[in-house]
Amino acid sequence: MASEHITDSIKSSVKGALQKVGRRPEAKRISRLMGLTGRPSANVNVGVSNIPVPGSVAVYFGDGADKIYQVTQWLPVLEELHEKEEVLLVFRTLSAFKAAEKFTDLPQIYVRRLTDLMDLYDDNDLKLVIYTNNSRTNFQSLDHPRLVHVHVNHGESDKLSMVSNKAKAYDKVFVAGPAAIKRHEAMLIDFEFNKLEVTGRPQLDINFELELEPSEKFDVMYAPTWEGENEDNNYTSLDKYGVAIVESLLENPSWRVVYKPHPRIQESNTPGVAQAHARILEMIEAANEAGAEHVISEQGNILAMFESIDALITDVSSVGLDYLYLHPGNPLVISDRRSNREILHRDAPVAQACHVVDQDSVKNVGDLLADALTRDGHKDQRIEMRQFYFGDLNRGDSTKRFQDVIQKLIVERQGKLENFRGWHS
């Protein structure tokens with residue numbers, strides 16, 4: 001006890017002296033070494049100059065924890081890549097840094113200031129940077145000229161947000177297959193199409209542990225997307241058709257309903273979306289209290305649930321295309337909140353091979369779902385549509401192609417650096 005008292009007394013004296021010194025760097029360093037300060041706050045600057053950091057591939061993420069799902073779905077793929085090329089997760093917000101710790105053991109670093117980010121890139125042996133979204137802060141990372149900058153996005157869908165003029169800024173853009181190439185051709189002007197690299201969907205090669213035990217009934221998942229950040233990117237069916245869809249599904253005793261909304265719906269403040277979500281939760285909970293065994297999964301891994309699902313009802317999003325890749329022979333229903341079949345078929349070709357819930361068909365949604373889920377007259381069309389979206393890639397092929405292209409790009413770039421003078425030289 002006496003030694004503890006002496007130690008506390010010394011710490012107290014040093015702490016008082018450091019407070020008198022103020023904000024000098026040496027005072028801060030001594031404080032941290034002695035454990036007199038807690039974890040850094042969200043506004044702290046984490047310098048990384050002249051600190052060796054392992055890794056050849058950086059995965060850059062500039063947004064907060066609310067969008068961490070854009071990284072987490074890539075983590076199993078990145079963990080496999082880590083066995084061949086060391087991967088370092090680079091975060092620009094402390095909230096995302098802390099959130100990622102819960103999902104992976106990959107090395108990670110939080111860097112707030114642009115100058116420190118450039119030092120991180122310049123002082124270490126990083127060779128390539130992967131971007132999983134189109135955050136505005138990506139353009140700070142893109143400032144560094146030596147590294148290969150690769151955009152992979154966080155899914156494959158027909159949403160408007162999947163094609164951005166920002167694609168011109170990256171060295172390479174990884175896409176899933178022929179449909180993604182056509183999407184870029186239709187939307188971008190003066191784009192160098194040799195930037196596009198077909199790598200499939202390596203996330204779909206992962207063998208996940210089952211998160212949902214299949215039932216003896218016909219398992220139907222309703223998986224609406226969120227409402228997007230603006231109306232142009234709003235594809236959700238939840239506020240328009242969601243209650244009617246779930247109500248109709250619950251009426252059939254031979255079906256088990258699995259409600260799996262987009263992770264951001266749970267915290268949505270959009271009135272129609274929040275109200276529909278709450279109402280669906282009430283209906284399912286009431287049915288379960290009466291003896292049913294329906295499932296609500298607000299934050300689960302949807303890819304890990306697909307193996308247990310017999311049919312899917314969803315919106316224009318990556319969810320429908322992922323299910324098409326894995327289970328093209330299973331019934332798939334797509335929604336259209338704009339109720340314009342011509343535009344839907346143009347912008348989301350997969351809808352040509354599905355029953356569609358829109359303003360007109362929702363009036364008889366029970367009959368539509370019964371026909372789609374029991375008779376399923378679109379099966380052959382969906383198998384052809386899978387080829388359009390993913391080409392000849394089979395499960396397992398995408399991971400190898402993804403890793404091969406990453407390594408090829410690293411080798412090519414290293415061969416071009418002989419006369420590169422460096423960032424600070």
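These legends go with several close-up views of a predicted model.

**View 1. The open sheet and its strand order.** Here six strands line up as β10-β9-β8-β11-β12-β13, with parallel pairing, in an open sheet. Strands in a sheet pair through backbone hydrogen bonds, either parallel or antiparallel. At the edges you'll find β10 (295-296) and β13 (355-357); each has a single partner strand, so one side of each has no neighbour in the sheet. Zoom in on β8 (residues 218-223) and β11 (residues 311-314), and you can follow a parallel pairing over four bridges. One handy landmark is V220, whose bridge partner in β11 is A311.

**View 2. Two helices that pack on the sheet.** Helix α10 (residues 271-289) touches β8, β9 (255-259) and β10 as it packs on the sheet. The direction of α10 makes about 145° with that of β9. Helix α14 packs on the sheet too, touching β8, β9, β11, β12 (332-335) and β13. For α14, the direction makes about 150° with that of β13.

**View 3. Where α9 meets α14.** Two packed helices are described by the angle between their axes and the distance between the axes. For α9 (residues 238-250) and α14 (residues 365-375), the angle is about 65° and the axes are 9 Å apart. The crossing of α9 past α14 is right-handed. On the α9 side, the contact is made by A244, I245, S248 and L249, while α14 brings V365, G366, L369 and L373. What kinds of residues are these? Six are nonpolar and two are polar, with no charged ones in the contact of α9 with α14.

**View 4. Where α8 meets α15.** This pair is made up of α8 (residues 178-187) and α15 (residues 379-390), whose axes are 4 Å apart at an angle of about 60°. The two helices, α8 and α15, are therefore oblique to each other. Look for P178, A179, K182 and R183 on α8, in contact with a run on α15 made of Q387, F388, Y389 and F390. Sorted by class, the contact of α8 with α15 has five nonpolar residues, one polar and two charged.

**View 5. T199 and the residues around it.** You'll find T199 in the loop between β7 (196-198) and β8. Is T199 buried or exposed? With a relative accessible area of 2%, T199 counts as buried, because the cut-off for buried is under 20%. Setting aside neighbours within four places in sequence, T199 is in contact with F174, V175, L393, S398, R401, F402 and V405.

**View 6. V316, in the loop after β11.** This residue, V316, sits in the loop between β11 and α12 (318-326). V316 is buried as well, at a relative accessible area of 8%. Its contacts, leaving aside neighbours within four places in sequence, include D158, K159, T225 and Y235, along with I334, S335, L344 and A348. Also pick out D336: it is 20 residues from V316 in sequence, and the C-alpha atoms of the two are 7.6 Å apart in space.

**View 7. Two residues with a positive phi.** Most residues other than glycine have a negative phi. N153 isn't a glycine, yet its phi is positive, at about 60°. D190 isn't one either, and it has a positive phi of about 55°. Where are they? N153 is in the loop between β5 (148-151) and β6 (172-175), and D190 is in the loop between α8 and β7. N153 is buried, with a relative accessible area of 7%, whereas D190 is exposed, at 73%.

Notes: Residues numbered from 1 in each chain as written. Predicted model: local features only at pLDDT ≥ 70, side-chain atom pairs only at ≥ 80, totals over all residues. Heavy atoms only, no water. Axes fitted to C-alpha atoms, helices over the stretch in contact; angles between N-to-C directions. Left-handed = near helix turned anticlockwise from the far one by under 90°. Contact = heavy atoms within 4.5 Å. Nonpolar A, V, L, I, M, F, W, Y, C, P; charged D, E, K, R; others polar. Parallel < 35°, antiparallel > 145°, perpendicular 65-115°, else oblique. Pairing = 2+ DSSP bridges. Buried < 20%, exposed > 50% of the residue type's maximum accessible area, 1.4 Å probe, protein only.
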